[in-house]
Amino acid sequence: MYNRTFIGLDVHAASVVGCALVPDTGELVRMKMDSDPAVVLDWIHRFEAPVKAVYESGPTGYVLARYLREAGIDCVVAASSKLLRAPGDRIKTDKRDARLLAEMLALGEVAEVRVPTREQEDLRDLSRLRATAAKNLAHARQRVNAILLRHGIRYPKETKWTLEHQAWLHRQHFDSEVLQFTYEADVEQAELLAAHLKRIDHRVALVARDCEYAPAINALMCLRGIETTTGFGLAAEIGDWTRFTGATIGSYLGLVPSEQSSGQSRHQGPITKAGSKYARKLLIEAAWLHRRPYSRPGLRLVRQLDLVGPDTRIRALEGNHRLHRKWEVFDARKKRSVTANTAIARELAGWCWSLAAPLQQSQHGQGSRMNAA
């Protein structure tokens, strides 16, 4: 393991600090350089091969990792949340961070994160754009509702943000010109954000139909509560489903309980909330829909008949009914709805994996056979 040079890179927007651990001499070679992949590659080439480099995941993304890999350098990205630091170490500098990365890489203690391709990262950015747009729209609508509530105005019907409700909003008037301007501006912003989200949803539907995740998205849509945007979001956030099993994907998404155990005592707390916050949110929202009974079993699969195979349809139908029966068990035991829904979301993640992973395995197999040919 020690017959190669281990390089830690502390990467920032404007600069990169490198620390190379040379195995032959045991010396540390440090260098501060511009944040230019070509400059970093030129410095790494000064060391005798084989070389392995690592840098911490962060806002700089994966451009440097992809550039070094394309140049033949073994470069990995370390999960920042799993880097080991001494509790008493209160001095943090770029040089120390680079040295820590190099030493952990040499010891094999780096928890690597998956480096997506450029196309996969583009799909994930589109998915997160949709999440941000939906969040902004919800906040804008809350501001409109808050103004009306503070002034004692209540919409007489239950369903809001329909065409009828929007017409009712435009008929509301206040005596204060300042308040009227504020109210109209908030209503206008909510309508603009709704149109913005609708345009994004249309683009997501077009991309989801032809992207590399299309087979997995079609399979996920067989499960109740997962529409195109939800399936696209899960596929883009998780990427490679074959990295997990049905038991480990819940832990990756932070849907398992936290635990504090010592000696004979064992205490489980709230879920860990690790991994992708957006993917976890999508699963939790979808899990609520499995609480309602199925009035027409299998109707969800009818729309997917031409898009998925019979094995996927059978597995999805079984998953839908099992998830609903689990809800019935929780309701019979009078479990808190939020707690029960989290457990359902964790099991839903396993069913998503059971539908998407086999399809990706077959895709990888076909790609390997084509490369061999």
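Two strands count as paired if DSSP finds at least two bridges between them, and helices (H or I, at least four residues) and strands (E, at least two) are DSSP runs numbered from the N terminus. The model treated here is predicted, so local features need pLDDT of at least 70 and side-chain atom pairs count only at pLDDT 80 or more, while totals for chains, interfaces and linings use all residues. Residues are numbered from 1 along each chain as its sequence is written, and side-chain values use heavy atoms, with hydrogens and water left out.

**Exercise 1. Describe the sheet and place β2 in it, giving bridge partners.**

Step 1. Begin with the strand order: six strands form an open sheet that reads β3-β2-β1-β4-β5-β6, with mixed pairing. The edges are held by β3 (28–34) and β6 (112–113), each of which has a single partner strand, so one side of each is left without a neighbour in the sheet.

Step 2. Next, follow β2 (residues 15–21) to β1 (residues 5–11), with which it pairs in the antiparallel sense over six bridges. Within this pairing, Leu9 has Gly18 of β2 as its bridge partner, and Ile7 has Ala20 of β2. The connection from β1 to β2 is a hairpin of three residues.

Step 3. Then turn to β3, which runs antiparallel to β2 and is joined to it by seven bridges; here Cys19 is matched with Arg30 of β3. These two strands also form a hairpin, with six residues between them, and Gly26 in the turn has a positive phi of about 75 degrees.

Step 4. Finally, consider burial, where buried means under 20% relative accessible area, exposed over 50%, and partly exposed in between (1.4 Å probe, protein chains only). Seven of the seven residues of β2 are buried: Ser15, Val17, Cys19 and Leu21 point one way from the strand, whereas Val16, Gly18 and Ala20 point the other way.

**Exercise 2. Work out which residues of helix α5 are buried, and what covers them.**

Step 1. In α5 (residues 163–170), the buried residues are His165, Trp168 and Leu169. Seen down the helix axis, they fall within an arc of 105 degrees (taken from the directions from the axis to the C-beta atoms), so they line one face of the helix.

Step 2. A general rule helps in reading this arrangement: an α-helix has 3.6 residues a turn, so residues three or four places apart point the same way.

Step 3. The cover over these buried residues includes α4 (118–150) and α6 (177–210), where contact means heavy atoms within 4.5 Å.

**Exercise 3. Compare the surroundings of Leu137 and Arg130 in helix α4.**

Step 1. Leu137 is found in α4 and is buried, with a relative accessible area of 7%. Leaving aside residues up to four places away in sequence, Leu137 touches Ala190, Leu193, Ala194 and Leu197.

Step 2. Arg130 also has its place in α4, and at 19% relative accessibility this arginine counts as buried. With residues up to four places away in sequence again set aside, Arg130 touches Leu197, Ile200, Asp201, Val204, Thr229 and Tyr278.

**Exercise 4. Identify where the backbone has a cis peptide bond or a positive phi outside glycine.**

Step 1. As background, most residues other than glycine have a negative phi, and most peptide bonds are trans.

Step 2. The peptide bond from Ala49 to Pro50 is cis, with omega near 0 degrees, and Pro50 lies in the loop between α1 (37–44) and β4.

Step 3. Trp161, in the loop between α4 and α5, has a positive phi near 60 degrees and is buried, with a relative accessible area of 18%.

Step 4. Lys334 likewise has a positive phi near 60 degrees and sits in the loop between α12 (310–332) and α13 (337–372), but at 73% relative accessibility Lys334 counts as exposed.

**Exercise 5. Describe the ring geometry of Phe174 and Tyr183.**

Step 1. Rings of Phe, Tyr and Trp (its six-membered ring) pair if their centres lie within 6.5 Å, with planes under 30 degrees apart counted as stacked, over 60 as edge-to-face and the rest as tilted. The structure holds five such aromatic pairs.

Step 2. One of them is Phe174 with Tyr183, which is edge-to-face at 5.2 Å centre to centre and 70 degrees between the planes; both Phe174 and Tyr183 are buried.
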